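User: I would like a close look at one part of this model, followed outward into its surroundings. Please keep it brisk.

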Amino acid sequence: MRKVGVFVCHCGSNIAGTVDVEKVAQEAAKFPNVVFATDYKYMCSEPGQQVIKDAIKEHNLDRVVVASCSPRMHEPTFRRCIQTGGLNPYLLEMANIREHCSWVHPDKAKGTVKAIDLVRKAAAKVVKNEPLQKSSINITKRALVIGGGIAGIQVALDIADAGFPVTIVEKEPTIGGRMAQIDKTFPTLDCSACILTPKMVDAAQHPNIEIISYAEVDKVEGYVGNFDITIRKKARSVDMNKCTGCGTCWEKCPTKVDSEFDMQLGKRKAIYTPFPQAVPNKPVIDREHCLKFKTGKCGICEKVCPTGAVDFTMEDELITQQYGAIVVATGFDQFDHSVYGEYGYGKYPDVITGLHFERLVNASGPTMGKIKRPSDHKVPETVVFIKCVGSRDEAKGKTYCSRTCCMYTAKHATLMAEKVKGSKSYIFYMDVRTPGKGYEEFYKRTQGEYGAQYIRGRVSKVYPKGDKLVVRGEDSLLGRPVEIEADMVVLASAMVARSDAGDLARTLGISYDKDNFFTEAHPKLRPVETHTAGVFLAGACQGPKDIPDSVAQAGAAAAKAIGLLAKSQMETEATVSQVDESRCSGCLLCKSICPYKAIDVKIIAERVGGKTVERQVASVNKSLCQGCGACTVACRAGSLNLLGFTNEQILAEVEAVCL
Amino acid sequence: MITEKMRDVAKDLLTKGEVNMVIGWEKGTFWYNSTPVFITKAEDVERLVFDEFCTNNLAKYLLDYKTAEGKVAIFVKGCDARAVNRLMQDQQVQRDKVYLLGIPCGGMKEAAPGTQPQATEGLPLVEKCQNCTSPNPVVFDVLLGDQVSVRDTQNRFAAVEKLEALGTDEKYAYWGEMFDKCIRCYACRNVCPACSCRECAFDGNGLNWLGKQNNLQENQMFNITRAMHVAGRCIECGECERVCPMDLPLMAINRKVIKDLNELFGAYEAGMDVENRPPLGQFKLEDPEKFM
């Protein structure tokens, strides 16, 4: 007979408030195989864990049930606890009487009944638990950073400084990301480029960092510690080894194209680097617009290149490399405000977004830093800023707050006041949110010293009148309509996830939320990890973030990656799928259903009718298996079993609850 | 005449030693029976026949010769051919171990037991052939006879729709009555080309997913589980319903699952080829379930 101990946690009043924990312990003591049951205020605390360890010794327990919170929260804690108490860590079951019970049921009597049922279920299962062993795998001591914005650069620098090789894969021809587009940074008004470009150079010159720009992650195979990553180097049409970045080609190129970097406000050539400080400072040919590719004529860049670096025949190149850790730092896109009819559906050229404004005010931007409105290049004197465009709008936009807009709008108003003397900024807002060091002070200065007029209310309509834009809205504090004739309107568009975030998430096998931001493993305690081991998050790809937060998170993600790479071997999960070869018919339905490619075919030999015959069976790679259980339900014969969640264990639970 | 061609090609294959066995049909005890036959000698080929009573799906017999030396030739109607694909997709039969003799099939017929021989023209088609979507073999090495045209299959789901129209209680009562009759002989499973496990989940002596008692509850569990085990893999050969000694409308369950799968995951016909995986048997990045 098994000797099961049951430990019921109060979780302060979290559980004890809605569940009669003493009664749960009393009832649990009556369950089959249970020889000891008790309750304690905080089971996870040190004295709480001591209660468990003492009871293991005193009552000779060989199985433990902890009735407390979700196993997501404290299963590792209690596994360690019983391990130091002398038991195999997998001889533990948790009954989740908090998330599954006390938090969701207001009725204490009914909640107690349910808690007892949950404990009965766990006690029935734990009897069937078997000791499990982790196996270990080698770790490739190299990290991949996807995205070369400020978050990606910081991650790469931190990991590289710790002594591990890092590859940055950047989709654009240069690293730098959104921060390179930004003019000044709040709240100090440092020039963005002045603090970013040295970091870009540091990354480029770091002996441990390899930058692969104009490239994307094509395929991810393998598992934590040993990811096999296929990187697609897009055809750059310029030989990186020969090119010196002299710039003759883009000077002579006859084709002008709207610059993405300048938010279509300026022009670039068909062979181009996005901006002068690009890293690597070597151009790519935009094949969609290049005359050579469109018409077969031209080829001027090839003729003028002093080193013969231009190569029109270049093709996409796939390189495969092994990495131990992956940090995703793919950043954000801007909300497409053309869903808003009231702001002109994106039709009026002088209704621009915050990022457009950044380019207009930037000294290396299309207007050389002179703020000129896009339509007629007139210097705007009255500018209306509208906040929460696409943010905090359940009907047409996103439900969340984009976090950065209050501050950058204040910054824009400040820059307006500084650059265009005598100009006037009006800011329509819902709330002003400035939680951050020096942020509130900055906002107050914008209002006071720089005279920006904040109007609490929504804008109902923007329409052109002559060469002006009439902004009609409501001042909800005064309770009356306002109408402002503006020269330019700047929308604080929401930060949204990259349009291809879902695809990348599926390639990496990480989860993402309803807004396509990548999901962290725990919102509070594991903010930079994902549910896929070895994949970490940094920057705005996880949710809207400003630069200080992105950099801080990048450092955190780097620390996690370094923590992984610093080991030469790592343990793998013990709860993996197992094949009963005697029952397996080798149909391999499990192989085609496995999301982690952890199942392969294996040939075994057996004696049949006096002859040795060979047949195929499924075989699970323990390092790749994530224990999702998809194969175990696909297997009709039940020859696959998930250790720790075996059919026997599940059935024991069902019977405990239903019979 | 198909029968002549069958005998010729079987004789040829056996004489040349290309195959060690030919699986086909021979005339049974009654005029309305044509039963499976296993020919290993060239002189026995005269036993082979093909007529309107070769209802049996022969494909599953291939499992018996999985480890046999050499090749086995097998006659396949449309449904038999899909069954062979089923077994090949389930990796139970290797393509190079079988020689497939395709026979386009005009549909099988049935006569009331005990009746005197009569012209087959007037006899009704068996249920499984009435809405057959693939009378022509979808895989074969040689085709005997000309391709036939597909019958109007718009009533394929008529029985399902009739049952769907019932209220929940009525449905429960109907199926309760049906499964109450089930004697759990497992004939449906044994004949099914989608059932190729080494040890069936219902036979295990370890975990009792299914109790051994013959009562409504366990019978329901058995039939529902079986429907789910063949979900997306049923090739509609109708053999389960044909062999059921209690005349349970088993194809209504299978077709309901097919109909649901088509509606949920897009049109899919099991066993048309080996490459296209069943809708419930593959992992796709674009899977609508985002949790994957």
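User: Which residues touch the most other members of the largest nonpolar core? Start there and work outward.

Analyst: This is a predicted model. The largest nonpolar core has 222 residues. Ala143(A), Val155(A), Ala156(A), Val327(A), Val489(A) and Ile74(B) touch the most other members.

Take Val155(A) as the way in. Setting aside neighbours within four places in sequence, Val155(A) is in contact with Val145(A), Val327(A), Ala329(A), Ala538(A), Ala554(A), Ala557(A) and Ala558(A). Apart from this core lies another, of 47 residues. Cys9(A), Ala37(A), Phe78(A) and Leu92(A) are among the members of that other core.

Now the helix pair. Helix H6 of chain A covers residues 150-161, and helix H16 of chain A covers residues 547-565. The two pack at an angle of about 35°. Their axes are 8 Å apart. The crossing of H6(A) and H16(A) is right-handed. From H6(A), the contact uses Ile150(A), Ala151(A), Gln154(A), Val155(A), Asp158(A) and Ile159(A). On the H16(A) side, the residues include Ile547(A), Val551(A), Ala554(A), Ala557(A), Ala558(A), Ala561(A) and Ile562(A). Ser550(A), Gln553(A) and Gly555(A) of H16(A) also take part. By class, the contact of H6(A) with H16(A) has 11 nonpolar, four polar and one charged residues.

Next, the sheet beside H16(A). Five strands of chain A form an open sheet in the order E10-E7-E6-E18-E29. The pairing is parallel. Its edge strands are E10 (209-212) and E29 (535-537) of chain A, each pairing on one side only. From one strand to the next, the twist averages 20°. Strand E18 of chain A, residues 325-328, runs parallel to E29(A) and is joined to E29(A) by three bridges. One pairing can be named: Ile326(A) has Val535(A) in E29(A) as its bridge partner. H16(A) packs on this sheet and touches strand E6 (143-146), E18 and E29 of chain A. The direction of H16(A) makes about 170° with that of E18(A).

Chain A has another open sheet of five strands, in the order E20-E27-E21-E22-E23. Its pairing is parallel too. Strands E20 (351-353) and E23 (453-456) of chain A are the edges, and each pairs on one side only. The twist averages 25° from one strand to the next. Helix H13 of chain A, residues 405-419, packs on the sheet. H13(A) touches strand E21 (382-389), E22 and strand E27 (488-493) of chain A. Its direction makes about 175° with that of E21(A).

E21(A) deserves a closer look. Seven of its eight residues are buried, so E21(A) is largely enclosed by the rest of the structure. Five bridges join E21(A) to E22(A), and the two strands run parallel. Val384(A) has Tyr426(A) in E22(A) as its bridge partner. Tyr426(A) also has a bridge partner in E23(A), namely Gln453(A). Strand E22 of chain A, residues 424-429, runs parallel to E23(A), with four bridges between them.

Step back to the whole of chain A. The chain has 19 helices and 34 strands. Of its 659 residues, 50% are buried. Among contacts between residues at least 6 apart in sequence, 70% join residues at least 24 apart.

The core list also names Ile74(B), so chain B needs a look. Chain B has nine helices and six strands. Of its 292 residues, 36% count as buried. Residues 24 or more positions apart account for 70% of the contacts in chain B with a separation of 6 or more. Between the chains, 19 residues of chain B are in contact with 21 residues of chain A. The side of chain B that touches chain A divides into seven nonpolar, eight polar and four charged residues.

One site in chain B rounds this off. Cys188(B) sits in helix H6 of chain B, residues 187-191. Cys188(B) counts as buried because 24 other C-beta atoms lie within 10 Å. Beyond its neighbours within four places in sequence, Cys188(B) is in contact with Arg226(B), Cys240(B), Val243(B), Cys244(B) and Leu250(B). Asn223(B) lies 35 residues from Cys188(B) along the chain, with their C-alpha atoms separated by 9.8 Å.

Conventions. Residues are numbered from 1 along each chain as its sequence is written. Chains are lettered from A and ligands numbered from 1 in the order in which they are written. This is a predicted model: local features need pLDDT of at least 70, side-chain atom pairs count only at pLDDT 80 or more; totals for chains, interfaces and linings use all residues. A residue is buried if 20 or more other C-beta atoms lie within 10 Å of its own, exposed if 12 or fewer, and partly exposed in between; C-beta atoms are placed from the backbone. Two residues are in contact if their C-beta atoms, placed from the backbone, lie within 7 Å. Ala, Val, Leu, Ile, Met, Phe, Trp, Tyr, Cys and Pro count as nonpolar, Asp, Glu, Lys and Arg as charged, and the others, Gly among them, as polar. Two strands pair if DSSP finds at least two bridges between them. Axes are lines fitted to C-alpha atoms, for helices over the stretch in contact, and angles run from 0 to 180 degrees between N-to-C directions. A crossing is left-handed if the near helix is turned anticlockwise from the far one by less than a right angle, and right-handed if clockwise. A nonpolar core is a set of buried Ala, Val, Leu, Ile, Met, Phe, Trp, Tyr and Cys residues joined through C-beta atoms within 7 Å.
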